[in-house]
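User: Please take a close look at a single part of this model, beginning with one residue and its surroundings. Then relate it to other parts of the chain in one connected account.

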Amino acid sequence: MKTSYEEFVHSVEDSTSLEKKAEKRGEELAKIRNQMKSPDAQGRPRLVAKLIYLEMEGENTGFGQMEIISLMANPNYSSKMVGYVGASVLTDSNSDTALLMTQTVVKDIENKSDQNIKCLGLAAVANIGGSDLISAAIPAITKELDSKYPKVIRYAASAALRAVRENIEYFENFKKYVPKLLNYSDHSIMLTGINLAIEMLKTVPSLPQQWKTFTRPFIDLLRDLKHSPPTKETEFHLFNDPFLQCQSLKALGLIGQKSDELDSLLQEIITDLDCHSNTARSILLEAAETVKKAGKSQSLKTLAINQIGRLLELKNSAVIYSALSAFSRLLLSNDIIDRTSSDSTAMQRYRLQIVKCLDHKDLSIRRRSLDVISAIINEQNVTKLVPEIIRYMKLVDTDFRSEIVPKIYQCVQRFSPDPAWNIDSTLHIIIDNSNFIGNDIISNFCNLLSKNIDLRSAALESLENVLTFYADNQPLIQIAAFCIGEYETRKVDVITNLLKVVVQPKQKSRTTCYILTALAKLATRFGGDMRTDVVKCLKKFSNDNRLDVQQRAGEMLRILNNPEYSMFLLPMNDEIDEQHEQHSTQKVQQQGIPDNFLDQSTTNNKSNNLIDLLDDEEPQNYRNRNQSRNQNNSYTFNVPKDAKLAIEQSDFVVFFEVQKNPQDLRQVAIRASFFNKTNIPLTKFNATFGVPDGWHLNAQAMSDTNLAPNGGTSINQILLLLNRGKSPLAMRAQINYMFRSQPISEKCQVNDGIFE
């Protein structure tokens, strides 16, 4: 028995359990398969309507796609409409059947007798148009944009928008129709025209400059929408077509033409909005984006931030998230956080509300607030904001704390006013969040002490207390063991404390290895009875069940049993090293021994063989810590003769040598040279470049991954480009590297002037 569409839907929705719903859907799918084999043409639309419902319920309805194509080719309008609706739901642009419906869609668009059929074909292009369908329908779409029927023009503009999104090269076909669409009095046609203009402005870099004349019409449109009473068709929550207002604001922001008239209108819009409704908040957030991109007055930006900041006082989670998202976007400049902007300064007054959001029950709000906090921290407020965040970190859940700890630590390292504050804040972070501290934080903290001799006494005193009060904090014990073993020269009893800590049952293997290395260094330094106690401890751990602990203890024992090697492999701190070198030099001069004797002894083959036996971080850190400490940043780049500045950031600079193939101007070769502006080597250096649609990029491997400091040896990379379209060349880059132990990622815009 055949059931109607309404009866079937009601029977499924009225089921008392999910199992019964699934059972009825399965039974109906089986009936549909059997009925499709019958020649009953009148029942086809009903079957496709049921398939549409089943598809939205999550059932597999791929077997019905051929029936949809048959209905689309049906001359009856009602059947054709059901077929087009089914095509929009059951297929997409990547479907295998999309190619089969191309001829039918183009034929319907070219229909001269019924404009409703034209609209069905244009709607299909706008909804599921793929590259093949759009390519075939472009001439028909262009023709229908000149139609005398507003309904057809609206659908044609929507199809043109889909074509531009799929392939930006089609923008030349529709560029001339944008002014015509914007001049219509029909709001729906005007809205599709603005959407088409926005899509072009986003993807074609030269259009904002060409369309600056559109600024005045958009301003007049916004003023008219704001002051004119809404009609029955355009009224929405007491606003006059807020959708058109938001899109007009977005278009003004993309054009970027600044003017006093625009500032006056934006100020009026922002001031008059009552932000207790969703519609008003949407207009406010879009107006704030426009102020950021096209605002001329700085006071206007502050006004927008203040209006958005008031939203944080509301209890609605969606509103809070929207406000935090707006703050995050306002702080981004070319996808890079601009911490020095006045926007960041204006947001400081809301830092308490933002910090409180770290404890919000909604995880998305907590993550967004963390992004904003990380962006507003700078040299001026780091001492106030970081302690507040550290207090709130104790309240957040474990999943979120794993994200917040690395970000806050990175801010401490980047904006610390002095090393003493850096050490104190880092210790607080490590003590309160020991389970979320990675090896990068441990190595970075140890590196900080190695470069600040004046801080070692204060840091050592604090770290020695760690052995007593936080003996179960593994990262802190590792840092304390490394620093005590490396720099302690006064307190002999610290060896006793380390001997007590190392035998605790819950110590991890890595922590035990840190402590054993520190004990061996202290035994070499102090000698006497303490050396005997350390040797006994090492012998005990040489029989440990853990292989890495056993190996470390054995290595330290072998070194201690050879005093002639221990002075080089288990070094003292920098001051004693300097005294030792001075004493050795005086002795050499008195005995008449050649000056290079000491260098020859330190490179003895036996010493090198012993060094190779130690796969240890501490000796490696020692060998690296006496690197050049030149803090002078006055340097020059060895720039190639014809190179031009392409990218300049705080840590590095990039120069391009651009050369076109005289025999084929579509081919461009670029040689990129990367130079380091800091006095710290940038490791794991990698660059990824992006080009517009129509350009093909072949990037060869970089010459190196470590960028020498102070403008030293550059990293070079060859980029080969081929233009397969009509778009002008523009490039963006994402640069990833390690600054000490901190991973840095920078998104940059290449200077377009070098390609002219």
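Analyst: Leu 238 is exposed, with a relative accessible area of 77%; buried here means under 20%, exposed over 50% and partly exposed in between, for a 1.4 Å probe and protein chains only. The model is predicted, so local features need pLDDT of at least 70 and side-chain atom pairs pLDDT 80 or more, while totals for chains, interfaces and linings use all residues. Residues are numbered from 1 along each chain as its sequence is written, and side-chain values use heavy atoms, without hydrogens and water.

Leu 238 occupies the loop between strand S1 (235-236) and strand S2 (239-240). Helices (H or I, at least four residues) and strands (E, at least two) are DSSP runs, numbered from the N terminus. Although Leu 238 is not a glycine, its phi is positive, at about 70°. On the other side of S2, Asp 241 sits in the loop between S2 and helix H15 (242-255). Asp 241 is likewise a residue other than glycine with a positive phi, near 50°. In contrast to the exposed Leu 238, Asp 241 counts as buried, at 10% relative accessibility.

Elsewhere on the surface, Met 56, Tyr 77, Met 81, Val 85 and Val 89 form a nonpolar patch with about 420 Å² of accessible area together. Such a patch joins nonpolar side chains (Val, Leu, Ile, Met, Phe, Trp, Tyr) within 5 Å, or like charges within 9 Å, from residues with over 30% relative accessible area and no salt bridge. A salt bridge would place a side-chain nitrogen of Lys or Arg within 4 Å of a carboxyl oxygen of Asp or Glu; areas follow the Shrake-Rupley method with a 1.4 Å probe. Helix H5 (residues 77-90) supplies the largest share of the patch, four residues. Met 81 lies in H5 and is partly exposed, with a relative accessible area of 36%. Arg 33, in helix H2 (residues 18-35), is also partly exposed, at 41%. The C-alpha atoms of Arg 33 and Phe 63 are 8.2 Å apart in space, with the two residues 30 apart in sequence.

Helix H22 (residues 363-376) has 14 residues, which should span 20 Å, and its end C-alpha atoms are indeed 20 Å apart; the expected span is 1.5 Å times one less than the number of residues. Among the buried residues of H22 are Ile 365, Arg 366, Ser 369, Leu 370 and Ile 373.

The model contains 12 aromatic pairs, counted when ring centres of Phe, Tyr or Trp (its six-membered ring) lie within 6.5 Å; planes under 30 degrees apart are stacked, over 60 edge-to-face and the rest tilted. One of them joins Phe 652 and Tyr 737 edge-to-face, at 5.7 Å centre to centre and 80° between the planes. This pair links distant parts of the chain, 85 residues apart: Phe 652 in strand S6 (residues 652-661) and Tyr 737 in strand S11 (residues 732-739). Phe 652 is buried, at 0% relative accessible area, as is Tyr 737, at 3%. Both rings belong to one aromatic cluster with Phe 674 and Phe 685.

Finally, the count of disulfides (cysteine sulfur atoms within 2.5 Å) comes to zero. The cysteine sulfur closest to that of Cys 446 is in Cys 483, 4.4 Å away and therefore too far for a bond. Cys 446 is buried at 6% relative accessibility, and Cys 748 is buried at 1%.
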